[in-house]
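The questions below concern the chain and the model shown here. Each answer works from a few particulars to the name or value asked for.

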Amino acid sequence: MGRVGLYVPGGLAPLVSSVVMNAVPAQVAGVASIALASPPQKEFDGLPHPNILAACALLGLDEVYSVGGAQAIAMFAYGAAPCAPVDLVTGPGNIYVVAAKRLLRGVVGIDSEAGPTEIAVLADDSADPAFVAADLISQAEHDPLAASVLVTDSTALAAAVTVELERQVPLAKHAARIQHALTAEQSAIVLVDDIAQGLDVVNAYAPEHLEVQTRDAATVRRRGPQRRCRLHRAARAGLARRLLCRLQPRPADGGERARTPRACPCVRSARTCRSSRTTKVHSRTSAVRS
């Protein structure tokens, strides 16, 4: 690639990590021309966030534009003086950024249609509830549409993590956004029979970020199948909710399962029935995943 455009979000949170993760690979690959765009900040006279500008300075990026959202993707694709068109656009963004990439795919190269961030934590009763809660919060603060999912075979850990979320969320800078993401349908605590079943759940979900916090995480990782579903992230946004609904036991009278997981103070939760196995979950979601 002769020229690339890097997009760094900054509307809800200035993601300095995105500067590093996009610029360094381009520099290592020997890209001759690198431009970066990040949303203007009202409190900084319309310039990108100072932390982002500082990261650009440290990395030697001297072509930086104060442009955000879909407009930045269009600027990179078609050019807008003094910004010349680029060959490839990379970097995360909100749903509007993703929509712009989809519309301009072919006019300009794109990295992916990533969509809102998501994390799944697979944990047993050896995990530290405070750490698990903090990791769920770390993604929930990015976007109201961010997904934070805990998959565990321990009811004690699920309860402890819920308590930790109730303690930690109000202390966070973006507490309202975090609370919204954690209580929305894309976030949940999923109780499974054992870690093996939990592996099947997280593989079906195929999250952007996956953590294994178990007694022997290396063994669990080796035991887990290395498959990933091929859904675009936008299509996967509601998969967690559908998985949860399918994992719920049927009522004693044989009627329909509840259509939404039962709620707890910070995140939605669901319980698998002892007779249900994840092989059934895979078969039930095969139409969605294909």
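Salt bridges, cores and confidence

In this predicted model, a salt bridge joins the side chains of Lys101 and Asp111, at 2.7 Å from N to O.

Q: Which elements hold Lys101 and Asp111, and how many residues apart are they?
A: Lys101 belongs to helix α4, residues 95-104. Asp111 sits in the loop between β5 (109-110) and β6. The pair links distant parts of the chain, and the separation is 10 residues.

Q: Which residue of this pair is buried, Lys101 or Asp111?
A: The cut-off for buried is under 20% relative accessible area. Asp111 has 40%, so Asp111 is partly exposed. Lys101 has 3% relative accessibility and therefore counts as buried. The buried partner is Lys101.

Q: How many residues apart in sequence are the parts that Asp124 and Arg215 tie together?
A: Asp124 and Arg215 form a salt bridge whose closest N and O atoms are 3.7 Å apart. Asp124 lies in the loop between β6 and α5, while Arg215 lies in the loop between β9 (209-213) and α9 (217-223). The pair therefore ties together parts whose separation in sequence is 91 residues.

Q: Is Arg215 buried or exposed?
A: Its partner Asp124 has a relative accessible area of 7%, so Asp124 is buried. The cut-off for exposed is over 50%. Arg215 has 62%, and therefore Arg215 is exposed.

Q: Which helix holds both Arg167 and Glu164?
A: Arg167 and Glu164 form a salt bridge, with the closest N and O atoms 2.8 Å apart. They are three residues apart, about one turn of the helix. Arg167 is partly exposed at 46% relative accessible area, whereas Glu164 counts as buried at 15%. The helix that holds both is α6.

Q: How many salt bridges does the count come to?
A: The pairs above are among them, including Lys101 with Asp111 and Asp124 with Arg215. Salt bridges also link Arg102, Arg105 and Glu113 in a network. The count comes to seven.

Q: Which element gives the largest share of the largest nonpolar core?
A: The largest nonpolar core has 21 residues, and Val121, Leu136 and Leu150 are among those with the most contacts inside it. Elements that give two or more residues to this core are β6 (118-123), α5 (129-140), α6 (155-168), α7 (175-183) and β8 (188-191). The largest share is five residues, and it comes from α5.

Q: How many residues are in the second, separate core?
A: This core includes Ala37, Ile73, Val97 and Ala100. It is separate from the core above, and its residue count is 16.

Q: Which residues does Ser18 touch, not counting residues up to four places away in sequence?
A: Ser18 is part of helix α1, residues 16-28. At 3% relative accessibility it counts as buried. With residues up to four places away in sequence left out, Ser18 touches Val8, Pro9 and Pro92.

Q: What is the mean pLDDT of the protein?
A: Over residues 226-252 pLDDT stays under 50, and the model has 80 contacts beyond four places in sequence for them. Over residues 254-290 pLDDT also stays under 50, with 95 such contacts. In the protein, 77% of residues reach 70 or more, and the mean pLDDT is 81.

Terms used: Residues numbered from 1 in each chain as written. Heavy atoms only, no water. Helix = DSSP H or I, 4+ residues; strand = E, 2+ residues; numbered from the N terminus. Buried < 20%, exposed > 50% of the residue type's maximum accessible area, 1.4 Å probe, protein only. Contact = heavy atoms within 4.5 Å. Core = buried A, V, L, I, M, F, W, Y, C linked by side-chain atoms within 4.5 Å. pLDDT = per-residue confidence, 0-100. Salt bridge = Lys/Arg side-chain N within 4 Å of Asp/Glu carboxyl O.
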